[in-house]
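Morning, everyone. I'll take you through one model today, piece by piece. Please have the sequence and the structure open as I talk.

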Amino acid sequence: MGIVPSHENDGPPSMPLPPPRPSLGPRPTNPQSASFPNIRTDSRLMRSVEYLPPVKMGQRVSNVFILRKENIRLLPTPSQPPIYLVEFTFRADVQGTVQIYFNADEKVHQTRVNGQNHVHHISYVSRTPFDSPAPFPAAENQVFRQREQFALDLANATASQLKYSRESTYPLVIKLDATSPSTNTPITSNIVRSHITLAEFSFADSRPSLRVIEQKVLIGGTIFSMQDLYGIRASYNANQNGPAGTAEDSSAECVVCLTEPSTTAVQPCKHLCLCDDCARLLTLEVDAQQKCPVCRTHIGKLLRIVDTSRRPEQAAAGNTVTEGNTYAPPVAPPPSAPASSSWTPTNHIQTEQLSHPRFENLAPSSRHSTPPNASELHQGSTHPMNRYHMS
Amino acid sequence: MASLPKRIMKETERLQSEPVPGISAVPSDSNARLFSVVIIGPEESPYATGRFKLELFLPEDYPMAPPKVRFLTRIYHPNIDRLGRICLDILKDKWSPALQIRTVLLSIQALLSAPNPDDPLNNEAAELWKNNEPRAMQTARDWTKQYAQQ
């Protein structure tokens, strides 16, 4: 079996990507034949680190809601014992509403438009009482604080209500919905409809704290999972200014060859620091260390950023942000989970991934025609969720 | 010999154009992978005022493999042996291809400021460092005067 065990904390277990991975081929007779840095893939050497479905750079979508994980907190009330209110600071460029749910189930509402699934909204159903949507204006640095009567009774909550697992509901959902422009806009237009933060609770020193499981945005009819990457801005700028070699900003270069622009991010540590060739070199070689060159974290997966803006013939093939992406819910705590967390999601995912009700009809079944580039990128992946960066 | 990887050319260029204070590294005329290095002993250390010569060699699989670095100047240090070999994690298992000639030499310079007698390569020096640090420092100063002045 060529699939390498999924490294912990890095999201879905290894899934076959094209080309299918047979077992590791024999060691090349002369390892030096892959002369650095212009290594070419030897067909006998197979990929031992999985690539995530790549991000396509070149269509940046401005996100109208900025809610950073670190700006979400639990605020204790003065009462004894204290109850905890969800509070967060955020920025909104449009008007909207905020809603908070505890122990909620997710429901994705989709319609088929031109043979393609479009999500028009995501709703959450909670068995605990929840407040009605609270309106907010378009403003920076707004603070939202939950009303006391809707605070979750954390002291009496069960472990399954506090911790996320694939069988459980989402312990905490923060949903920001845009109310302008109105919801009448066509589903295919590229507007941000919802911004969702899924979180769970953890207790350290008997104080509860929040840990964000995932953040995602619904843009047009597509759900994007948000990931932070270190170095994406430098990389983007360098791509705009030509090859990294000519750019002043050396942080956009691949840290290994110091020549090519960095296009590949290491997961779970999120360092965007490698070019395609060096990423292969670091992971393909039989005795390769498979560690992030920046922080030495084990390379769980690789995420390529494909700059479609530099390939006009392919970018012209369609609106590649939404094309080819059906929605699949998170199959595991996403790679954005802190490396220090105690997630060990591998077991139950492997056994339940396909039978879980949340996954019904969600696999990208018969795929419509895609631009050549996109099909190369997505084909065969059961987790086609686009990675979308915002910072 | 195979052509020189761009990375090595770039590093060489940048070492000349943006030199590190107290460190110089110049490639040999006959072998672009072999560098003559001089590290000035850090102030506040027993190696202050010393000029320590080293050689640094970039093996064929650099930067996947660490450079080979060796002191040519004799030095009294618990982590550097008689042959000039250096006990430093980033030159062995903690090597990362994101490190460069520049960062390696900075690490060696830092090692001169912070000897680590608990991970010795020169056992005799390490023992003295642990049992009688003032005397060990004096010996290091003496050696610096004796061997590291040119």
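**A hairpin, two cores and a contact**

Let's start in chain A, with a hairpin. Strands β5(A) and β6(A) make it, and two residues sit between them. In that turn, A:Asn114 has a positive phi of about 50 degrees. The pairing of β5(A) with β6(A) is antiparallel and runs over ten bridges. Want one pair to find on screen? Take A:Lys107, which stands opposite A:Ser123 in β6(A). As a general reminder, strands of a sheet pair through backbone hydrogen bonds, either parallel or antiparallel.

One thing before I go on. This is a predicted model. Its scores are ipTM 0.83 and pTM 0.60.

Now, confidence by chain. Chain A has an average pLDDT of 65, and 55% of its residues score at least 70. The spread across its elements is worth knowing. Which elements of chain A have the lowest and the highest mean pLDDT? The lowest is helix α5 of chain A, residues 346-352, with 21. The highest is strand β8 of chain A, residues 139-145, with 94. Residues 1-47 of chain A have a pLDDT below 50, and this stretch has 91 contacts in the model beyond near neighbours in sequence. Residues 242-249 of chain A are also below 50, with 14 such contacts.

Chain B averages 93, and 99% of its residues score at least 70.

Next, the make-up of chain A. It holds six helices and 16 strands. Of its 391 residues, 41% count as buried. Take contacts in chain A with a separation of 6 or more: residues 24 or more positions apart account for 66% of them.

What sits in the largest nonpolar core? It has 40 residues. The members that touch the most others are A:Phe65, A:Leu172, A:Val173 and A:Leu210. Several strands of chain A each supply at least two residues of this core, including β5 (96-113) and β6 (116-126), our hairpin pair. Also among them are β9 (170-178), β10 (192-204) and β11 (207-219).

Zoom in on A:Val173. Which residues does A:Val173 contact, leaving aside its neighbours within four places in sequence? They are A:Ile100, A:Tyr101, A:Ala104, A:Tyr124, A:Ile196 and A:Leu198. Apart from this core lies another, of 28 residues. Its members include B:Phe35, B:Tyr47, B:Phe52 and B:Ala148.

One more stop in chain A: helix α3, residues 276-284. Is this helix mostly covered or mostly uncovered? Mostly covered, with seven of its nine residues buried. The buried ones are A:Asp277, A:Cys278, A:Ala279, A:Arg280, A:Leu281, A:Leu282 and A:Thr283.

On to chain B. Its secondary structure is four helices and four strands. The order from the N terminus is α-β-β-β-β-α-α-α. Of its 150 residues, 35% are buried. Among contacts between residues at least 6 apart in sequence, 53% join residues at least 24 apart.

The four strands of chain B form an open sheet in the order β1-β2-β3-β4, with antiparallel pairing. Which strands are at the edges? They are β1 (23-27) and β4 (68-71) of chain B, each pairing on one side only. From one strand to the next, the twist averages 20 degrees.

Look at β3 of chain B, residues 51-57. This strand and β4(B) pair in the antiparallel sense over four bridges. For a marker, B:Phe57 has B:Lys68 in β4(B) as its bridge partner.

Helix α2 of chain B, residues 101-113, lies across β1, β2, β3 and β4 of the chain. It runs at about 35 degrees to β2(B).

Now a residue in a loop. B:Arg82 sits between β4 and α2 of chain B. Why does B:Arg82 count as exposed? Because it has 12 C-beta neighbours inside 10 Å, and 12 or fewer is the cut-off for exposed. B:Arg82 and B:Asn122 are 40 residues apart in sequence, yet 7.5 Å apart in space, C-alpha to C-alpha.

Last, where the chains meet. The contact takes 14 residues from chain A and twelve residues from chain B. On the chain A side, the residues divide into ten nonpolar, three polar and one charged.

That's the tour. Questions, please.

Notes:
Residues numbered from 1 in each chain as written. Chains lettered and ligands numbered in written order. Predicted model: local features only at pLDDT ≥ 70, side-chain atom pairs only at ≥ 80, totals over all residues. Core = buried A, V, L, I, M, F, W, Y, C linked by C-beta atoms within 7 Å. Buried ≥ 20, exposed ≤ 12 C-beta atoms within 10 Å, placed from the backbone. Contact = placed C-beta atoms within 7 Å. Nonpolar A, V, L, I, M, F, W, Y, C, P; charged D, E, K, R; others polar. Pairing = 2+ DSSP bridges. Axes fitted to C-alpha atoms, helices over the stretch in contact; angles between N-to-C directions. pLDDT = per-residue confidence, 0-100.
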